Amino acid sequence: MKFSGEKVVEIYEKIQQKRPIIHCITNAVTVNDCANILLAAGASPTMAHHPCEVEEITAGTAALICNFGAISDYEAMKTAGKRAHALGHPIVIDPVGVSGSSYRREKCLELMKIIHPTCIRGNYSEIQALLHNCGTVTGVDAAEDALAEAEETDLPELMKQYAKENQMILVASGETDLITDGSCVYRCHNGSPMMARITGSGCMSTVMLGAFLSAENSVESVVACCAFTGIAGELAAKEMTAQKRGTMTFRNWFIDAVSLMTPEQLEHGTDVDWF
Ligand SMILES: Nc1ncnc2c1ncn2[C@@H]1O[C@H](COP(=O)(O)OP(=O)(O)O)[C@@H](O)[C@H]1O
Ligand SMILES: Cc1ncsc1CCOP(=O)(O)O
Ligand SMILES: [Mg+2]
């Protein structure tokens, strides 16, 4: 069955009205892009990570992001996460690099139990590493054969069970994003291979999940965010090809596409089905 682009527009418009502040405890590599993409989408970023202030800061925001590329800020994630959970704020974890570091994986699994995230979004390799509690690649990018491995192990079904058991929404991103809350599995076909050629497209999609979930806390909102991010990637890639430009231009045009997004582009561009 198809997922309607009108739902993407509806939630996007709620973000424009609410202008939610999103608290991001995130990594130094992509922090600036994460702040800019939130502004482009109509939200407001705050990137505080000192353990002595995160509790107060998170209390004044609409959602919390914990990105494991910032593993040195683990204590801050725990403190902020406990407060955000107590206040009922949406919490999103990005398990950056858990497929390459058993320490990071252990900490991520521990944090999940303590702060009860609303959603976890990682690439195929990171999500599989969490599901099986074992590493597959050493870097932060998905393995080349992650898709084939996902098909072999019936990743959608495994994700569905895991999401149900842990009462959370799971997203495995890649050529096709898989999204589940344990009842059904959505497949988002939006996006461009160019997105995997820059660092930060995953981190940026994670902070956008904070904005979407603060506008509406539902699995449909997560699906809408994946479609939105993918459509921005498609628009930027089209422009890049037409003008024969490189990956850094793509990064800028991706953020531009978010800031210039129209309801028509969302309605016509959304390409999601579910089963
Ligand atoms: N080959 C691809 N085709 C289309 N979209 C892609 C592709 N690879 C990644 N994306 C998109 O890029 C974003 C980041 O995904 P991914 O690269 O898997 O995460 P990460 O950057 O965390 O490794 C997601 O929106 C995803 O849909
Ligand atoms: C390269 C790198 N190393 C630690 S965090 C990080 C950024 C990862 O960003 P993304 O997962 O969005 O590509
Ligand atoms: Mg990532």
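This report describes a predicted model of a protein chain with its ligands.

## Confidence and overall form

The model is a prediction, and its scores come from the predictor. The mean pLDDT of the protein chain is 96, and 100% of its residues reach 70 or more. For the model as a whole, ipTM is 0.99 and pTM is 0.98.

The protein chain contains 12 helices and nine strands. Along the principal axes, its C-alpha atoms fill a box of roughly 45 × 45 × 35 Å. A compact globule of 275 residues would have a radius of gyration near 19 Å, and the 17 Å of the protein chain agrees with this. Of the 275 residues, 53% are buried. Contacts that reach far along the sequence are also frequent: among those between residues at least 6 apart, 74% join residues at least 24 apart.

## Strands β3, β4 and β5

Strand β4 covers residues 91–94 and pairs with two other strands, β3 and β5. Strand β3 (residues 63–67) runs parallel to β4, and four bridges join the two. At this pairing, Asn 67 stands opposite Asp 94 of β4. On the other pairing, β4 and β5 also run parallel, and two bridges join them. Here Ile 93 has Ile 120 of β5 as its bridge partner.

Both faces of β4 are covered. Ile 91 and Ile 93 lie on one side, Val 92 and Asp 94 lie on the other, and all of these are buried. Strand β5 (residues 119–123) gives a similar picture, since five of its five residues are buried. Cys 119, Arg 121 and Asn 123 belong to one face of β5, whereas Ile 120 and Gly 122 belong to the other.

## The surroundings of ligand 1

Ligand 1 is surrounded by 17 residues, of which the closest are Asn 123, Ser 173, Gly 191, Met 195 and Gly 202. Two elements give two or more residues to this shell: α9 (201–215) and α10 (219–242). The greatest share comes from α9, with three residues.

By residue type, the shell around ligand 1 holds four nonpolar, 10 polar and three charged residues. Asn 123, one of the closest residues to ligand 1, is also one of the buried residues of β5.

## The surroundings of ligand 2

The residues around ligand 2 come from several parts of the sequence. They include Asn 27, Val 29 and Thr 30, then Gly 69, Val 96 and Val 140, and finally the run of Thr 199, Gly 200, Ser 201, Gly 202 and Cys 203. This shell divides into four nonpolar and seven polar residues, with no charged ones. Gly 202 is found around ligand 2 and is also among the closest residues to ligand 1.

## Ala 142 and its contacts

Ala 142 lies in the loop between α6 (124–132) and α7 (146–152). Is this residue of the loop, Ala 142, buried or exposed? Ala 142 is buried, because 26 other C-beta atoms lie within 10 Å, and 20 or more are enough for a residue to count as buried.

Leaving aside neighbours within four places in sequence, Ala 142 is in contact with Asn 123, Tyr 124, Ser 125 and Gly 174. Of these, Asn 123 belongs to the covered strand β5 and is among the residues closest to ligand 1. Ala 142 and Ala 196 are 54 residues apart in sequence, while their C-alpha atoms are 9.1 Å apart in space.

Notes: Residues are numbered from 1 along each chain as its sequence is written. Chains are lettered from A and ligands numbered from 1 in the order in which they are written. This is a predicted model: local features need pLDDT of at least 70, side-chain atom pairs count only at pLDDT 80 or more; totals for chains, interfaces and linings use all residues. A residue is near a molecule or strand if its C-beta atom, placed from the backbone, lies within 6 Å of it. Ala, Val, Leu, Ile, Met, Phe, Trp, Tyr, Cys and Pro count as nonpolar, Asp, Glu, Lys and Arg as charged, and the others, Gly among them, as polar. A residue is buried if 20 or more other C-beta atoms lie within 10 Å of its own, exposed if 12 or fewer, and partly exposed in between; C-beta atoms are placed from the backbone. Two residues are in contact if their C-beta atoms, placed from the backbone, lie within 7 Å. The radius of gyration is taken over C-alpha atoms; the globule rule is 2.2 Å times the number of residues to the power 0.38. pLDDT is the predictor's confidence in each residue, from 0 to 100. Two strands pair if DSSP finds at least two bridges between them.
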